[in-house]
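Dear colleague,

I am passing a structure on to you, and I would be glad if you looked through it before reading my notes below.

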Amino acid sequence: AEYMGYTCPISGDEMCSDSHPATETDLYYEFNARSIDVTNAVDESALGANPSAEDEDEVLDCAVEKQINIIYAHKLRESPMDKKAFKKWIGPWSKATIDRLTSEGKDDRKEIFKSQMKAFLNDKILASFDDWQFYRGENIDCNEGCVMFLNYREDNITPYFILLKDGVNETKF
């Protein structure tokens with residue numbers, strides 16, 4: 001089955017995919033996420049082993065932890081930033097994005113990015129900066145790469161991510 005993956009053009013990391021429900025604006029995708037239980041339990045049948053006959057009470061300890069499905073599925077890593085670090089990242093990243101759109105001949109996308117980015121940053125991110133968490137792909141060393149923005153809906157329980165459209169390549173798998 002084909003799916004659309006959204007990959008960082010700098011790191012090559014898959015940041016998200018269309019397997020997660022999303023809405024979109026001209027500037028970004030907004031992915032609905034959910035909390036899932038992740039266990040470290042071992043499936044003994046996959047090992048081809050039978051439980052020990054000597055120790056009928058042999059039980060492996062398995063921990064269950066809550067994770068956000070998109071973070072887990074795409075191996076995202078939190079990239080904490082204060083406002084100063086965020087501004088230090090977003091300026092050069094925005095310029096590199098504009099340069100990439102120019103070199104790819106995507107003038108229509110470049111104009112949308114340039115005209116909407118400042119309002120998005122000021123009204124959506126910076127206005128409630130402490131409510132946001134930032135995630136990069138598994139190649140955490142790539143500080144120039146794209147970032148997904150995590151926040152929670154009004155219920156303070158339901159997570160969602162914002163991914164800037166022009167910060168990723170759409171790749172069919």
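What follows is an account of one helix and of the aromatic rings. Please keep in mind throughout that this is a predicted model.

I began with helix α3, which covers residues 83–103 and so has 21 residues by the numbering of its ends. From its first C-alpha to its last the helix reaches 30 Å, which is close to the 30 Å expected at 1.5 Å a residue. Which of its residues are buried? They are F86, W89, I90, W93, S94, T97, R100 and L101, and because these buried residues fall within an arc of 135 degrees when one looks down the axis of α3, they line one face of the helix. On the other side of α3, by contrast, K84, K88, P92, K95 and S103 are exposed. As for what the buried residues of α3 pack against, the partners are the helix α4 (107–125) and the strands β8 (133–136), β9 (148–152), β10 (159–164) and β11 (169–172). Just after α3 comes G105, which takes a positive phi of about 70 degrees.

I then turned to the aromatic rings, where a search of the whole structure finds 17 pairs. One of them joins F86 and F129, whose ring centres are 5.6 Å apart and whose planes stand at 65 degrees; since an angle over 60 degrees counts as edge-to-face, the pair is placed in that class. F86 lies in helix α3, whereas F129 lies in the loop between α4 and β8, so the pair ties together parts that are 43 residues apart in sequence. Both rings belong to buried residues, because a relative accessible area under 20% is what buried means, and the value is 1% for F86 and 8% for F129.

A second example is the pair of W132 and Y160, with ring centres 6.0 Å apart and planes at 80 degrees, so this pair is edge-to-face as well. W132 sits in the loop between α4 and β8 and Y160 in strand β10, 28 residues apart, so that the pair links distant parts of the chain. W132 and Y160 are both buried.

Taken further, ring pairs link Y28, F86, W89, W93, F113, F120, F129, W132, F134, F149 and Y160 into a cluster. Two charged side chains also lie over ring faces: R153 is over the face of Y160, at 4.1 Å from the ring centre, while K165 is over the face of Y29, at 5.4 Å from the ring centre.

With best wishes

Conventions: Residues numbered from 1 in each chain as written. Heavy atoms only, no water. Helix = DSSP H or I, 4+ residues; strand = E, 2+ residues; numbered from the N terminus. Expected span 1.5 Å × (residues − 1). Buried < 20%, exposed > 50% of the residue type's maximum accessible area, 1.4 Å probe, protein only. Arc of directions from axis to C-beta. Contact = heavy atoms within 4.5 Å. Phe/Tyr/Trp six-rings, centres within 6.5 Å; stacked < 30°, edge-to-face > 60°. Lys NZ or Arg CZ within 6 Å of the ring centre and 35° of its normal.
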